[in-house]
Amino acid sequence: MERYYQPEIETASREQMLVWQNERLVKQVQHVWDNVPYYRKKMEEKGVTPGDIHGVEDLHKLPFLTKDDLREAYPYGLLAKPLGECVRIQSTSGTTGRRVVAFYTQHDVDLWEDCCARAIVAAGGTKEDVCHVSYGYGLFTGGPGLNGGSHKVGCLTLPMSSGNTDRQLQFMTDLGSTILCCTPSYAAYLAESIHERGLQDQIKLKAGIFGAEAWSEEMRRDIENKLGIKAYDIYGLTETSGPGVSFECSEQTGMHINEDHFIPEIIDPDTGEVLPEGSKGELVFTSITKEAFPLLRYHTRDICVLSRKKCSCGRTHVKMSKPMGRSDDMLIIRGVNVFPSQIETVLLEQGYPANYVMIVDRVNNSDTLEVQVEMTAENFSDSLAQITEKEKALVSALKAMLGIYAKVKLVAPKSITRSEGKAVRVIDNRKI
Amino acid sequence: MIIQQISIFLENRAGQLSEITDILAQSNIDLRAIHIAEATDYGVVRLIVSRPQEAANLLWDKGYILSTRPVVAAPVPDRPGGLAKVLHILADAGIDINYMYSMFGSRDEMAYMIFRVKDVKHLCAVLEANGLNGATPEELGIQ
């Protein structure tokens, strides 16, 4: 028997959903027009006023928002509520210049946690469960989001955060964790550690909710087999709230988008044209319930397909496929957003040529990043100690910029192909 | 006893070193000493050659990253305890050795070690004060 956190919403008819969406969209556009001069200007430039938006069918008239807008408007330019009404910020993983800060009112936090609660219930969670949250806590949305959702469901919540595998396993066995929430790569790592230590019999896990990075069906089966659980995907982005924008149900054939909060569109990333349902294209979201940080027509840069095929779980919300790629050059490495331009910045700062190659791979279910850089006369010395000292400084600077470790490989001068037109800066060997 | 050492950046892959020795061979430049310091992905090869300036120019033109610096070719009595004696002299004088390696061949019962130190002139003075008078570069086959 399928269970829902908010059955009347999750199984609502399409007609009912459109009524909600139309009403909320109209209200939201007015709210943004009244409170966000940055977006109002964009609307004025496009010759649109709130009066032109009567419902979802008018959505295409609104201007888009991109990450560049967020950067330009940083930090308060897209804020739609007085700071006095905001209670929280979350932010994307550490990137200079590309940092996104999202604001939440108490109501925003509440709705976000509802979305996460829906995901937990869809994964079989009840108030009898012990929900082990090993996403990072802090600015990253993963920990706080699932933590709040778990509270709402009434699970005993273990705010483990990431890392310290010994402690993770001790709590998991001693307190009998039944639901694990973390990145899929960390789940795979925990699964391996459990097998290495022979703890299989002491693990009571039944489900896992894994997101924030791409993972394959093969990886899903591997985690499911090793942990004896069912593994569910979850999707979200800080800009719209965090995890819980969409989540998988028992059918595991895509993630139901919480359409009562986020209206999805699929567009052609080059022309911005809205594509017919079922087309592959860039996912764009309009937040229709967020108060503090209501983004309209926000480019996620994730490429995917939407499907309204009837789902056996009974949920009526549209399903999105796993993201199949990106329409920009952003990479997600160990759950962290990485742009090649960040690496370029660090190299130039550290006195290396901006001619480099990033090699991304997945070894034992964990992402690896190698940056190949050419040696220069200025950085060379007859002393190995001096070279390695500079190399270490570069590794630290990359870590500070990206938030993850990158191995540096110094290569011979001119061994990296000079660009003729578009340079190949990224070699992604991951099979996802 | 002060001579020029050439250091070259080498990626760790088969054939890299032979490319360098080929270049030197083609110009009839003689190798007097070679030493390699290795890191995981690359190495630094240090050379003492018969015509250092010419070799450096040749390698630079071929696109190698290199640097040259003076090092000391110190005479070491070619018998048991010979190096120990020299190292004691350095230790007593408080001289730090960054690295050292040996040259090919010996002459008048003297072998030659290359010392990379901060102050090459000071090292020469200390060695001479202890009766270790080095050979000239010409005597070592270096122009």
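Colleague: What volume does the largest pocket have?
Modeller: In this predicted model, the largest pocket has about 1,100 Å³. A pocket here is an open set of points on a 1 Å grid over the protein atoms alone where a 1.4 Å probe fits, with protein on both sides within 12 Å along at least five of seven lines. Volume is the space filled by probe spheres set on the points, which are joined across faces, edges and corners.

Colleague: Which residues lie nearest its centre?
Modeller: Asp302(A), Arg326(A), Met330(A), Ile332(A) and Asn337(A), out of 45 lining residues (those with an atom within 4 Å of a point). Elements giving two or more residues to that lining are helix H4 (67-72) and strands S7 (230-237), S12 (298-307), S14 (325-326) and S15 (331-333) of chain A. Helices (H or I, at least four residues) and strands (E, at least two) are DSSP runs, numbered from the N terminus.

Colleague: Any ground rules for the model?
Modeller: Local features need pLDDT of at least 70 and side-chain atom pairs count only at pLDDT 80 or more, while totals for chains, interfaces and linings use all residues. Side-chain values use heavy atoms, leaving out hydrogens and water; residues are numbered from 1 along each chain as its sequence is written, and chains are lettered from A and ligands numbered from 1 in the order written.

Colleague: Now the two chains: how many residues does the contact take from each?
Modeller: The contact (heavy atoms within 4.5 Å) takes 20 from chain A and 20 from chain B. Together they bury about 1,500 Å², 63% of it on carbon and sulfur atoms. Phe380(A), Asp382(A) and Leu384(A) supply 45% of the area chain A buries against chain B, more than any other three residues. Buried area is the accessible area (1.4 Å probe) lost on putting two parts together, summed over both.

Colleague: How many salt bridges cross that interface?
Modeller: Two; one of them joins Lys407(A) and Asp41(B) at 2.6 Å, N to O. The rule wants a side-chain nitrogen of Lys or Arg within 4 Å of a carboxyl oxygen of Asp or Glu. Helix H11 (384-402) and strand S19 (407-411) are the chain A elements that give two or more residues to the side touching chain B.

Colleague: And over all chains, how many are there?
Modeller: The structure holds 37, including Lys42(A) with Asp69(A) at 3.4 Å, N to O. Lys42(A) lies in helix H3 (37-46) and Asp69(A) in helix H4, so this pair ties together parts 27 residues apart in sequence.

Colleague: Where's the cis peptide bond?
Modeller: Between Tyr74(A) and Pro75(A), with omega about -10 degrees. Pro75(A) is in the loop between H4 and strand S1 (86-91) of chain A.
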